[in-house]
Amino acid sequence: MVNKSAIYSVPGLAEAISTQTQKTLKTLQKLVEFESPSDDKAAVNRCVEAVSEHVTHLGARIRRHRQKVFGDILELRFGRANKTQKPIMLLGHLDTVWPLGTLKKMPYRIADGRVWGPGTLDMKAGVAMALSAIEHLQKENLLNRQIIFLLNSDEEVGSTASRPITEKLARESAAVFVLEPAQGIPGAYKTARKGIGNYTVKVAGIAAHSGVDFERGHSAVHELAHQIGIIQSFTELDRGITVNVGTIQGGTRSNVVAAEATAEVDVRIARAKDATRIEKRFKSLRPRDRSCVLHIEGGLNRPPMERTKGTVALYRQAATLAAQLGFELAEAATGGGSDGNFTSALGIPTLDGMGAVGEGAHATHESVLLDDLAPRTALLAAMLASV
Ligand SMILES: [Zn+2]
């Protein structure tokens, strides 16, 4: 897949990009200081506007997909469309899990070799790195195919609004680079992610006074307890299937035989074909107490990102470029999902974890390693210039 027309030297690229680090940090600070919780449309849109303004001077063609519930989705195109080469898609999100006002307790700051603040690692640093990489490639005329950069606004809440747009643009593209953080430290690229499903299991029983009418009651709590044992046994670690009953609710008082009980279940699968296996198992659940009724809802909402040949080829290319940049790039699989799950499931080679290296996504110690910022930006740029 190496494009021979691209004339650049990897060490040269690294050096040029490292001189831009202050600029990348400035962009990152701006993005972090526009707080953008997924559920605050106006706040996310202020961050969207900041990015739009930033890319205007980079000559991007901007399309803003207006949204009703969430912030707008930003589609940016850099460079010309090319008949012989499909675009490369960069995939990111501007929303964070952090509510407005978090900056007061967790301000953007640089200390102890890290950049701290809400949304730094997940994933505003990845966005800032991509913008720097693109700026450099454009300046040096190294962009030999079009880049579609999609920034959505609902990734942290399931990507329901953005998924169709993500999928449409991925279908146009030769490969997808996901700007989620790298895995752990020193920061592996991700070539596989599990698929995610959610199920709700409700039991309707028959209420009764636990003292006066005990025999007339049919306890939903007791029935659910029985079902939980069965559901947990759906886990098959050797196949990469985990099933977790994460919450239970039920009953009203200790002296009432419970009429209702509910469990919420999280399912992870490594292989797409296991979705039907799990579905069948949930459908096969029957109440042990025939006077209780089971209602089961749910299914898979993110397909797994499987370790396909196309994805592995991208990883190998990245590892080779990383070696030229002077570091070793590991490969990882994770149980967590991203928007890369959607694009990979369409058969588009998808490489994930191409954003920042750091720790503490969704946690108060969220931070990005400063020393890795330039090398990872250089790697991203080298990948964009060479695939
Ligand atoms: Zn993220």
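**Sheet.** I started with the sheet: it is open, has six strands in the order 1-2-6-3-7-16, and its pairing is mixed. I take strands (E, at least two residues) and helices (H or I, at least four) as DSSP runs numbered from the N terminus, and two strands pair if DSSP finds at least two bridges between them. Strand 1 (61-65) and strand 16 (350-351) are the edges, each pairing on one side only.

**Ground rules.** This is a predicted model, with local features needing pLDDT of at least 70, side-chain atom pairs counting only at pLDDT 80 or more, and totals for chains, interfaces and linings using all residues. Residues are numbered from 1 along each chain as its sequence is written, and side-chain values use heavy atoms, without hydrogens and water.

**Strands 3 and 7.** I looked up strand 3 (residues 88-93) next: it runs parallel to strand 7, with four bridges. L90 has F177 in strand 7 as its bridge partner.

**Helix 5.** Helix 5 packs on this sheet, where I find it touching (heavy atoms within 4.5 Å) strand 2 (73-78), strand 3 and strand 6 (147-152). Its direction makes about 145° with that of strand 3, on a 0 to 180 degree scale between N-to-C directions of axes fitted to C-alpha atoms, for helices over the stretch in contact.

**Zinc.** Which protein atoms hold the zinc ion? I get H93 (NE2), D122 (OD) and E180 (OE, listed twice), at 1.9 to 2.6 Å; donors are N, O and S atoms within 2.8 Å of the metal (3.2 Å for Na, K and Ca), and water is not among the atoms, so sites may look incomplete. The donor spacing reads H-x28-D-x57-E. D122 sits in helix 5 (residues 120-139) and E180 in the loop between strand 7 (175-178) and strand 8 (189-193), 58 residues apart.

**Burial.** D122 counts as buried because its relative accessibility is 8%, and E180 does at 7% (buried is under 20%, exposed over 50%, partly exposed in between, 1.4 Å probe, protein chains only).
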